[in-house]
Amino acid sequence: MKALYLDCSCGISGDMILGALLDLCEQNISLAAELSKLSISGYEIMVNEKSDNGISGLDIDVIIDEATIQPNRYLNDINQLIDESDFNDNIKDISKAIFLRIAQAESKVHKILLDDVCFHEDGAIDLIVYIVGTAILIDYLSPDVIYSSIVNDGFGYINYRYGILPVPVPTTVEIFSHSHVVSRQINIEAELVTPTGAAIISELAEKFIPQPAMVIHNVGWGFGKKELKIPHVLKAVMGDIQGISNEMIVIETNIGDYTGVMFDYMMDKLFASGACNIFVTPIYPKNNQPAYRMNVTCKADDQKKIEEIISKEISVDMLKQKNIREEKKYV
């Protein structure tokens with residue numbers, strides 16, 4: 001299984017993720033050519049090679065032509081711009097989902113309607129480049145799964161367009177509060193996670209874990225703009241975890257009013273769908289009514305289809321009483 005792992009130990013921002021992914025692609029894709037599919041102009045993408053503390057990677061700058069008057073863009077404008085492009089559906093869906101996360105957070109923080117959220121600063125060109133560019137590169141790399149480290153942010157205060165704000169800024173906190181991101185603050189007095197970076201990692205990453213065992217094929221580094229006591233860089237690792245992970249899932253289900261013949265039928269289907277082991281134990285739950293506990297062990301990759309079979313085969317009445325408990329085991 002082809003996996004992309006993002007190391008956000010020094011935070012994440014739009015330019016950092018774009019630089020890391022482009023470096024991972026070894027610049028085999030023309031980002032400027034792809035972004036030209038959008039009906040926007042008046043900007044230039046500068047891709048600079050940079051080194052810091054022995055790390056070499058890419059530093060991305062979006063240079064906006066100050067003589068070009070850019071319109072204010074709202075969420076509907078952004079969605080229309082993306083929908084009218086020649087990108088495939090995957091790129092469009094990823095891009096719009098990330099913009100929606102930012103808009104929803106801004107709507108909540110500023111107590112305004114979603115349609116009234118304006119993406120400020122020169123028509124949101126930099127946001128469009130970072131977000132749509134990231135979607136383009138993710139589609140190009142086509143990972144089967146995306147994982148991330150715990151996302152580190154700093155502390156203190158920064159000058160924002162609304163005034164002086166605490167770190168993490170309210171929009172970033174709001175984005176994380178409506179996601180499954182695992183984040184923390186570290187002893188760095190700076191904003192390490194921007195709202196754009198927060199929205200991107202919230203949308204892309206499935207789990208926030210240490211790097212899993214994997215055969216690494218390529219590594220990319222994307223630099224931020226801050227001078228810190230640690231390298232301001234994001235690492236992107238592409239590799240293969242197929243055949244390495246021994247993760248097994250144990251699914252336990254309480255079932256009432258079931259017969260041996262019915263169990264035989266279900267177990268045949270489960271074994272055919274990848275179950276490694278199945279056993280059934282008589283139990284006496286509430287009111288001492290006879291019931292059974294079925295224990296199914298399967299590979300993590302087969303978990304979803306195993307659960308679907310169990311849910312389908314148990315009657316609607318029993319589904320109401322069903323209690324599935326998952327326990328991850330590493331064997």
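Modeller: Contact here means heavy atoms within 4.5 Å of each other. The structure is a predicted model, in which local features need pLDDT of at least 70 and side-chain atom pairs count only at pLDDT 80 or more, whereas totals for chains, interfaces and linings use all residues. Residues are numbered from 1 along each chain as its sequence is written, and side-chain values rest on heavy atoms, with hydrogens and water left out.

Biologist: With which residues is Phe119 in contact, once its neighbours within four places in sequence are left aside?

Modeller: Phe119 meets Arg73, Tyr74, Leu75, Ile78, Phe99, Ile102, Ala103, Ala124 and Leu127.

Biologist: What makes a set of residues a nonpolar core, and which residues have the most contacts inside the largest one?

Modeller: The name is given to buried Ala, Val, Leu, Ile, Met, Phe, Trp, Tyr and Cys residues joined through side-chain atoms within 4.5 Å; buried means under 20% relative accessible area, exposed over 50%, and partly exposed in between, with a 1.4 Å probe and protein chains only. The largest such core has 65 residues, and those with the most contacts inside it are Leu4, Leu6, Phe99, Phe119, Val151 and Ile201. Helix H5 (residues 125-141) supplies the largest share of this core, 12 residues. A second core of 17 residues is separate, and Ile251, Ile255, Ala275 and Cys298 are among its members.

Biologist: How do you know how many helices and strands the protein has?

Modeller: They are DSSP runs numbered from the N terminus, a helix being H or I over at least four residues and a strand E over at least two, and the protein has 10 helices and 17 strands.

Biologist: What makes strands S2 and S3 a pair?

Modeller: Pairing asks for at least two DSSP bridges between two strands, and 10 bridges join S2 (residues 43-52) to S3 (residues 55-64), so the two strands count as paired. They run antiparallel and form a hairpin with 2 residues between them, where Asn53 in the turn has a positive phi of about 55°. Ser51 stands opposite Ser56 in S3.

Biologist: Why is the link between Asp15 and Lys225 called a salt bridge?

Modeller: The term requires a side-chain nitrogen of Lys or Arg within 4 Å of a carboxyl oxygen of Asp or Glu, and the closest N and O atoms of this pair are 2.7 Å apart, so the link qualifies. The pair links distant parts of the chain, 210 residues apart, with Asp15 in helix H1 (residues 14-24) and Lys225 in the loop between strand S12 (215-223) and strand S13 (233-240).

Biologist: Are Asp15 and Lys225 buried or exposed?

Modeller: Asp15 has a relative accessible area of 8% and is therefore buried, while Lys225, at 39%, counts as partly exposed. The surroundings of Asp15 fit this picture, as 11 of the 11 residues of H1 are buried; just after H1, Glu26 takes a positive phi of about 55°.

Biologist: What joins the side chains of Asp59 and Lys225?

Modeller: They meet in a salt bridge, at 2.8 Å from N to O, which links Asp59 in strand S3 to Lys225 in the loop between S12 and S13, 166 residues apart. Asp59 is buried because its relative accessible area is 10%.

Biologist: How do you know that Arg101 and Glu203 belong to distant parts of the chain?

Modeller: Their side chains meet in a salt bridge of 2.7 Å, N to O, yet Arg101 in helix H4 (residues 89-110) and Glu203 in helix H7 (residues 195-204) are 102 residues apart. Glu203, at 30% relative accessibility, counts as partly exposed. Elsewhere, salt bridges that share partners join Asp15, Asp59, Asp61 and Lys225 into one network, and a search of the whole structure finds 9 salt bridges.

Biologist: Why does Asp153 have no salt bridge?

Modeller: Lys and Arg count as positive and Asp and Glu as negative, with His and the chain ends not counted; the nearest side chain of opposite charge to buried Asp153 is Lys226, 8.1 Å away, so the 4 Å limit is not met. Asp153, in strand S7 (residues 151-153), does have a polar atom of its side chain 3.2 Å from the backbone nitrogen of Val193.

Biologist: What makes Thr171 buried or exposed?

Modeller: Its relative accessibility is 7%, so Thr171 counts as buried. Thr171 is in helix H6 (residues 170-177) and touches Ala105, Glu106, Val109 and Pro195, not counting residues up to four places away in sequence.

Definitions and conventions. A polar contact is a pair of N or O atoms within 3.5 Å; within protein, one must be able to donate a hydrogen and the other to accept it, and residues adjacent in sequence count only if both atoms are side-chain atoms.
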